[in-house]
Amino acid sequence: MSLKEEVQKRRTFAIISHPDAGKTTLTEKCLLFGGAIQTAGAVKSNKIKKGAASDFMEIERQRGISVATSVMSFDYNNCKVNLLDTPGHKDFAEDTYRTLTAVDSVILVIDCVKGVEEQTERLMEVCRMRDTPVIIFINKMDREGRPPFDLLDELEQKLHISTRPLAWPIGMGSDFQGVYNLYEKSLYLFSANKTKISDDIVAIQDLNDPELDKAVGERAANQLREDVELVEGVYEPFNLEMYQSGLLAPVFFGSALNNFGVKELLDAFTRIAPHPHDRESVNRVVAPEENKFSGFIFKIHANLDPRHRDRIAFLRVCSGKFERNKFFHHVRLDKNFRFSNPYAFLAQDKEVIEEAFPGDVIGLYDTGNFKIGDTLTEGEDLIFKGIPSFSPEIFREVINTDPMKTKQLEKGVQQLTDEGVAQLFIQQPGNRKIIGTVGELQFDVIQYRLENEYGASCRFIPMNVYKACWLTSENQEVLDAFCRIKAKDIAFDKDNNRVYMAETEWQLNMTIRNNPEIQFHFISEFTTTEHMERK
């Protein structure tokens, strides 16, 4: 198959949502329909012994939440689908934001009972920053929830995107009887089946078919005919170009837990979702069909298997073909590396691959050479745009509680912050280690992983810091003088960039106003540009 055909086959997407909307369950069901697993396990179900395949870290199984992005690949409808299941909890939002830089489209899961929630709005903002195409799946239709038209209005108002239903539910909660597919003009009747693929779905081609009245009852059939007439009259016809430009979100309804509506969602997704497209780098736009390979690291995970102390860098292929055992150029280090065991993933299961194409996500064993945002190429000095670090919101100093395990603590803190779980700042004098996160729960995860994966113990002391911002200036003397005067408020991040730590909002605003020659950055994406300029 030619490179162009391989690119056309790829569909790389993330499933995102507010916590508990059913995101991980939908991921499981996509794998089930893709033939990647035989039985799906609900994340919080005690009846099903098997845990969710995509929640592979011990702490995720204990708490019933996703705290790290999982990567899974499967084949469906002659497409190679790369699915990234992201954490929904806002404390792990940064992992989700970075994951969104590695995908070409998104499926956003909405709980029909709760509707649009705060975290949903935040995630949608990140999608809009990059005009990422979004499909919306309204989940849990087998529960009593909000009326579908009310949900559609709320989606448009709060997420600032036009919607177009491509499926319509018949009833809701205990009266939920199925979904009419507006895209294919066919009806699928609901049959609750939690763990396996059901074959007892009835298809009815025409809404005026008397079989519809027999199947769902006269009242429900008439309601469906009214609703569909209203949908077709009020909403513009589905426009593929508007969807792929991120301006229009097609909407589907179903129950992921009961396998309902998932097949219709996947069928439509593989038909309409974009294949890998051009990527912006600092130097130029990179097309996926280019012959020369390029890709970037968007995630690093240490101790994927605690028995082997492995560290894996997740690479998104942007152009050309990745080949096993071939030398590739690490742009930041200006060194060449080859990889004898590149992996494709199905959650914690992985297999060695010989080659990968644009859109694919592969795992590379790493001994500490990679950082998030690093680029691999066949020689060109490319750096891809859009892999940010956001200014943290909570800051705590790390105190070692076991001096005999100092090395383990150093290594653990370094590796976990390299993963992007949190940000590490070093403050002098005394080499004080300060960890910054966007949520409290991350400290629990860090403490748990330090103890269980590195054998190190520590405690965290809260710090009186309002905001950390990166500093740059065209006048180096002014910057040096500022850092001398404000020495007690200056720290360095893990890349040795200077960071100003303001105690209050008032102090930060006054400092910015009094130092017009210094730029205060709340996102560290600027560092990639500076690196290219230095080279």
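Biologist: How many aromatic pairs does the count come to?

Modeller: In this predicted model, the count comes to 17 aromatic pairs.

Biologist: Let's take Phe-293 and Phe-322. What makes that pair edge-to-face?

Modeller: The ring centres of Phe-293 and Phe-322 are 5.6 Å apart, and a pair needs centres within 6.5 Å. Their planes stand at 65°, and over 60 degrees counts as edge-to-face, so the pair earns that name. It also links distant parts of the chain: Phe-293 sits in the loop between strands E13 and E14, and Phe-322 in strand E16, 29 residues apart. Both Phe-293 and Phe-322 are buried, and they form one aromatic cluster with Phe-328, Phe-339 and Phe-370.

Biologist: Why is the pair of Phe-395 and Phe-425 called tilted?

Modeller: The planes of Phe-395 and Phe-425 are 45° apart. Stacked would need under 30 degrees and edge-to-face over 60, so tilted is what remains. Phe-395 belongs to strand E24 and Phe-425 to strand E25, 30 residues apart.

Biologist: And how do you know that Phe-425 is buried?

Modeller: Buried means under 20% relative accessible area. Phe-425 has 0%, so it is buried; Phe-395, at 2%, is buried as well.

Biologist: On to the helices, then. Why is H11 called oblique to H12?

Modeller: H11 and H12 pack at about 125°, with axes 10 Å apart. That angle falls outside 65 to 115 (roughly perpendicular) and is not over 145 (roughly antiparallel), so H11 is oblique to H12. Their crossing is right-handed.

Biologist: Which residues of H12 are met by H11?

Modeller: Ile-446, Arg-449, Leu-450 and Tyr-454. The contact residues of H11 with H12 divide into 6 nonpolar, 3 polar and 2 charged.

Note on methods: Residues are numbered from 1 along each chain as its sequence is written. This is a predicted model: local features need pLDDT of at least 70, side-chain atom pairs count only at pLDDT 80 or more; totals for chains, interfaces and linings use all residues. Side-chain values use heavy atoms; hydrogens and water are left out. Axes are lines fitted to C-alpha atoms, for helices over the stretch in contact, and angles run from 0 to 180 degrees between N-to-C directions. Helices (H or I, at least four residues) and strands (E, at least two) are DSSP runs, numbered from the N terminus. Angles under 35 degrees count as roughly parallel, over 145 as roughly antiparallel, 65 to 115 as roughly perpendicular and the rest as oblique. A crossing is left-handed if the near helix is turned anticlockwise from the far one by less than a right angle, and right-handed if clockwise. Contact means heavy atoms within 4.5 Å. Ala, Val, Leu, Ile, Met, Phe, Trp, Tyr, Cys and Pro count as nonpolar, Asp, Glu, Lys and Arg as charged, and the others, Gly among them, as polar. Rings of Phe, Tyr and Trp (its six-membered ring) pair if their centres lie within 6.5 Å; planes under 30 degrees apart count as stacked, over 60 as edge-to-face and the rest as tilted. Buried means under 20% relative accessible area, exposed over 50%, partly exposed in between (1.4 Å probe, protein chains only).
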